[in-house]
Amino acid sequence: FFFLLPHAHPFLFTVGMDYKGQQLSETLFYYTIISFGGVGWIYGYINKSFLYTFYFWLVGLLISIVLCVPSWPMYNRNPVKWLPKHVLTGGDSKETASQGKKE
């Protein structure tokens with residue numbers, strides 16, 4: 001599996017998830033796990049086997065990992081706009097800080 005990583009799509013390695021995307025990813029993960037676990041519990045109860053419940057939960061976990069762990073473009077629809085970098089001009093930063101003080 002790890003030998004395929006250098007050939008993977010570039011969005012898998014970028015940090016491109018905004019705050020609303022994080023919330024969407026968490027909500028999607030939560031509902032996927034709960035729904036597959038619930039359906040698996042009912043199916044396992046009918047068939048009297050906990051193994052079916054575990055299989056359903058495992059499939060839900062794998063689907064949610066594929067949907068939620070990579071930084072898909074749908075998670076970066078509201079990017080954070082940062083302030084521009086403030087550059088100090090003229091001299092050492094200690095000198096400019098001490099000039100601003102009133103004596």
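These legends accompany several close-up views of a predicted model.

**View 1. The whole chain is built from three helices and zero strands.** From the N terminus on, the order of the elements is α-α-α; helices (H or I, at least four residues) and strands (E, at least two) are DSSP runs, numbered from the N terminus. Of the 103 residues in the protein chain, 17% are buried, where buried means under 20% relative accessible area, exposed over 50% and partly exposed in between (1.4 Å probe, protein chains only). Residues are numbered from 1 along each chain as its sequence is written. In this predicted model, local features need pLDDT of at least 70 and side-chain atom pairs count only at pLDDT 80 or more, while totals for chains, interfaces and linings use all residues; side-chain values use heavy atoms, leaving out hydrogens and water.

**View 2. Confidence varies along the chain.** The mean pLDDT of the protein chain is 81, and 72% of its residues reach 70 or more; pLDDT is the predictor's confidence in each residue, from 0 to 100. Among the elements, α1 has the highest mean, 95, and helix α3 (residues 93–99) the lowest, 53. Where pLDDT is low, the predicted coordinates should not be read in detail.

**View 3. Helix α1 packs against helix α2.** Look for residues 19–47 (α1) and 50–68 (α2): their axes lie 7 Å apart, at an angle of about 165°. Axes are lines fitted to C-alpha atoms, for helices over the stretch in contact, and angles run from 0 to 180 degrees between N-to-C directions. That angle makes α1 roughly antiparallel to α2 (over 145 degrees; under 35 is roughly parallel, 65 to 115 roughly perpendicular and the rest oblique). The residues of this contact divide into 15 nonpolar, nine polar and no charged. Here Ala, Val, Leu, Ile, Met, Phe, Trp, Tyr, Cys and Pro count as nonpolar, Asp, Glu, Lys and Arg as charged, and the others, Gly among them, as polar.

**View 4. F54 pairs with both Y55 and W57.** The structure holds six aromatic pairs: rings of Phe, Tyr and Trp (its six-membered ring) pair if their centres lie within 6.5 Å, and planes under 30 degrees apart count as stacked, over 60 as edge-to-face and the rest as tilted. F54 and Y55 have ring centres 6.5 Å apart and planes at 50°, so this pair is tilted. F54 and W57 are also tilted, at 5.9 Å and 35°; both lie in helix α2, three residues apart, about one turn of the helix. F54 is partly exposed at 35% relative accessible area, and Y55 is partly exposed at 43%.

**View 5. Y43, Y52 and F56 form one aromatic cluster.**
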